[in-house]
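Grab a coffee and work through these short exercises with the model open beside you. Each one comes with a worked solution.

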Amino acid sequence: MASSSLAFPTLQPQFQSLKNKSTFKPSARSLSFRTIRASVSEKPSVSAPGVTVSPPENTKLPIRKIPGDYGLPLVGPFKDRMDYFYNQGRDNFFKSKVLKYGSTVFRANMGPGPLIAPNPQVVVLLDGKSFPVLFDVTKVEKKDLFTGTYMPSTELTGGYRILSYLDPSEPMHAKLKKFMFYLLKSRRDHVIPEFKASYTELFTSLEKDLALKGKANFVAANDQAAFNFLARAWFGTEPAQTSLGLDGPGLVSKWVLFNLGPVLSLGLPKYLEDLTIHSFRLPPSLIKKNYQRLYDFFYASSSFLLDEAENLGISREEACHNLLFATCFNSFGGMKILFPNMMKWLGRAGAKLHAQLAEEIRSVVQSNGGNVTMRGMEQMPLMKSAVYEALRIEPPVPLQYGKAKRDLIIESHDAAFEVKEGELLFGFQPFATKDPKIFTRAEEFVADRFIGEGEELLKHVLWSNGPETEKPTLGNKQCAGKDFVVLVARLLVVEFFLRYDSFEIEVGKSSLGAAVTVTSLKRARF
């Protein structure tokens, strides 16, 4: 979960009118309904096949030449980059091309382009039918495509290509993903209690700020709570009692900027920003000391995990760099984006939904002896649906890439397109998961969308680099922590509405997620 995901203006009318992403070394010291479950206790599948969702090679739809072009060398990529980041903005950039070409599949350049990414040319997939080919590892290669048309320097990750950048065909992929499964399974009993402890601290902080200032910054409080929670739940470590202190979230945010700067917009004057982070890589040496502090923290906190890594044939150093990435980039980064976005959508939904969630959650918790349990959360259909809806309407990782392993035929709703071996496919997920040909009221946050028969639509919720109805395996690229993310998102809603009846917010823009300010918290009255 690593890229920003902002609000997306309506695309429905446009769709309906068409028929038509210096090496660091370890320190010298020691370097009734069908149930959809969110569980970190189940043993993950380890079967080799990837998600099989690719379209048929023989199509009944008319074959259409992929519309669009890449423009002149340097000029075309520069124009698309300026339109994407500044002149039109991300959503309008895609919408304008959908209207121009009368197609949700077309050719374009994706940033950053020269001088960082030598080949920015992609085939864009913007509908819910064509998009899932990106998950089929029998059809697409995922090597070094986690961040898109460029890959950050491995100097930012200790000299190693981290799991997120590996294709399932590479031998280390299975070893490292199995290692992540071990982390999730071995620490599963700590997740619920440590989440409660960490987010009770967050709620207390918000209440104090509201009393003193009349408003509270949810994002800053969430950053500290999320980092504390992950350190406590996964490593049994209290960051404040180590040399890291309270610096973790700040160090991570700076490091993420060095990884994702080429595809972020920081709000700087456009030519200054474009000529710096979009045209040149920030030197890894500038963040080396900060990264070393993070590495030392994780190395000291994860001895029991590093022992297991060695049993799996992974060096302690490589394992530690992967733990750091999985915790700080994937998990902390995901919570940094997802949680404010969830608060935004729930806050905007209003007091009626808040009351319904509070009643459902408190009733179930009371019937389970006053304890929050995974079994109990399965008995909260509205809460579960609201979480899935937040993941649908604003997926925390909106950009996916895959390189065609061979000549393919890709289908949209209205046509089929021939893709040649080696072409880079790109999907912008928020358009695919708000496809009006799949979802009614696709642009609206509908909290009960996935209740009852609506559960059938979960196969079109794709935030985890795969359908919500599929499981991560050693042979696919679906997020190893898929169920963990759903679980902690549910815990946020549950713990919040156990404590509060309702809340009000203000929402601004941010380079990563939504900037949420809490302006009112109404404590629980029943």
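**Exercise 1: a covered strand**

Both faces of β1 are covered, with Val105, Arg107 and Asn109 buried on one side and Phe106 and Ala108 buried on the other. Keep in mind that this is a predicted model.

Task: work out how many residues of β1 are buried, and which strand β1 pairs with.

Solution: Start with the range, residues 105-109; five of these five residues are buried. Next, look for the partner: β1 is joined by five bridges to β2 (residues 121-125), and the two run antiparallel. To get the register, find asparagine 109, which sits opposite glutamine 121 in β2.

**Exercise 2: a charged pair**

Task: find the salt-bridge partner of arginine 81, then decide whether each of the two is buried or exposed.

Solution: Arginine 81 pairs with aspartate 274, and their closest N and O atoms are 2.9 Å apart. That pair ties together distant parts of the chain: arginine 81 is in helix α2 and aspartate 274 in helix α8 (residues 270-276), 193 residues apart. Now apply the cut-off: buried means under 20% relative accessible area. Arginine 81 has 6% relative accessibility, so it counts as buried. Aspartate 274 is buried too, because its relative accessible area is 2%.

**Exercise 3: a pair with more exposure**

Task: say why arginine 441 and glutamate 444 get the label they do.

Solution: These two form a salt bridge, with the closest N and O atoms 3.0 Å apart. Arginine 441 is at 47% relative accessibility, so it counts as partly exposed. Glutamate 444, at 38%, is therefore partly exposed as well.

Notes:
Residues are numbered from 1 along each chain as its sequence is written. This is a predicted model: local features need pLDDT of at least 70, side-chain atom pairs count only at pLDDT 80 or more; totals for chains, interfaces and linings use all residues. Side-chain values use heavy atoms; hydrogens and water are left out. Buried means under 20% relative accessible area, exposed over 50%, partly exposed in between (1.4 Å probe, protein chains only). Helices (H or I, at least four residues) and strands (E, at least two) are DSSP runs, numbered from the N terminus. Two strands pair if DSSP finds at least two bridges between them. A salt bridge is a side-chain nitrogen of Lys or Arg within 4 Å of a carboxyl oxygen of Asp or Glu.
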